[in-house]
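Hi,

Here is the structure I promised to pass on. Have a look at it first, and my notes on the pocket and the cores follow underneath.

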Amino acid sequence: MDGFVRKAIRESTNLRASCWDVLHHPDPAIGDTRALPYTRRRELLLDLLADLGPPIQPVPATDDRSVAEDWYESLQPLGLEGVVAKRATAGYPAGRRAWVKVRHADTAEARVVGFTGPRRRPRNLVLVPAGTGRPRLSARIDPVLAAGIGTALINAPATGQRRTHGEPYTGLETDLVVEVLAGTGRHGTLTVVRIR
């Protein structure tokens with residue numbers, strides 16, 4: 001990193017940045033780092049940021065599960081959303097899911113009143129969140145969760161084709177309740193996380 005960039009970073013009072021990984025190293029002899037194990041990429045990241053200090057710094061990392069669990073629990077009041085687990089030997093997973101994100105999330109209940117797509121693996125659910133009377137369309141459902149929901153809905157009587165917010169769906173008569181991420185229903189689509 002050249003001296004001008006280092007000086008601008010140090011003098012900035014508004015800049016705050018956390019760095020998770022390094023995908024391309026400025027040294028041409030190293031270059032693209034995506035195929036390197038995470039542990040090596042982490043070493044390179046720490047080396048690149050060593051002389052900078054705050055406001056740019058690496059995110060904390062540990063290979064001790066109990067330390068990660070302690071961070072997960074104790075740092076939530078400070079705004080920590082969760083933790084990410086990565087394999088130490090893995091390259092960067094460009095274009096695919098390979099990390100496990102463990103997030104803090106409060107949930108709310110919603111009653112299932114319909115679905116889109118095939119009944120055995122619905123793409124979306126039509127839900128009535130607790131305390132409201134208006135049907136809402138969920139976000140696309142994870143395939144594994146969709147299979148479980150499809151099994152739970154297989155014998156629910158259909159009440160015909162309906163629409164919510166312009167989207168067609170198959171209405172159902174069922175007592176099935178799911179949990180959705182709290183806060184996802186007010187302005188965005190409802191995110192289903194599990195069957196109740």
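A quick word on terms before the pocket: Ala, Val, Leu, Ile, Met, Phe, Trp, Tyr, Cys and Pro count as nonpolar, Asp, Glu, Lys and Arg as charged, and the others, Gly among them, as polar. With that split, the lining of the largest pocket comes out as 18 nonpolar, 12 charged and five polar residues. Bear in mind that this is a predicted model.

The largest pocket holds about 1200 Å³ of space. It is lined by 35 residues, and Pro60, Ala61, Val83, Val84 and Ala85 are the closest to its centre. At least two lining residues come from each of α2 (38-49), β2 (56-58), α3 (65-74), β3 (82-85) and β4 (100-103). Of the elements, α3 supplies the largest share, with six residues.

Now for the cores. In soluble globular proteins, nonpolar side chains tend to be buried together. Here the largest nonpolar core has 17 residues, and Leu125, Leu127, Ile149, Val178 and Val192 have the most contacts inside it. Two or more residues of this core come from each of β5 (107-116), β6 (124-129), α4 (143-153) and β10 (177-181). The biggest contribution is from α4, which gives four.

If you want one residue to click on, try Val192. Beyond its neighbours within four places in sequence, Val192 is in contact with Leu125, Leu127, Ser138, Leu145, Ile149, Val178, Glu179 and Val180. Apart from this core there is another one of six residues, including Val22, Leu45, Leu49 and Ile56.

Cheers

Methods
Residues numbered from 1 in each chain as written. Predicted model: local features only at pLDDT ≥ 70, side-chain atom pairs only at ≥ 80, totals over all residues. Heavy atoms only, no water. 1 Å grid on protein atoms, 1.4 Å probe; cavity = no way out; pocket = protein on both sides within 12 Å on 5 of 7 lines; lining within 4 Å. Points joined across faces, edges and corners; volume = space filled by probe spheres on them. Core = buried A, V, L, I, M, F, W, Y, C linked by side-chain atoms within 4.5 Å. Buried < 20%, exposed > 50% of the residue type's maximum accessible area, 1.4 Å probe, protein only. Contact = heavy atoms within 4.5 Å.
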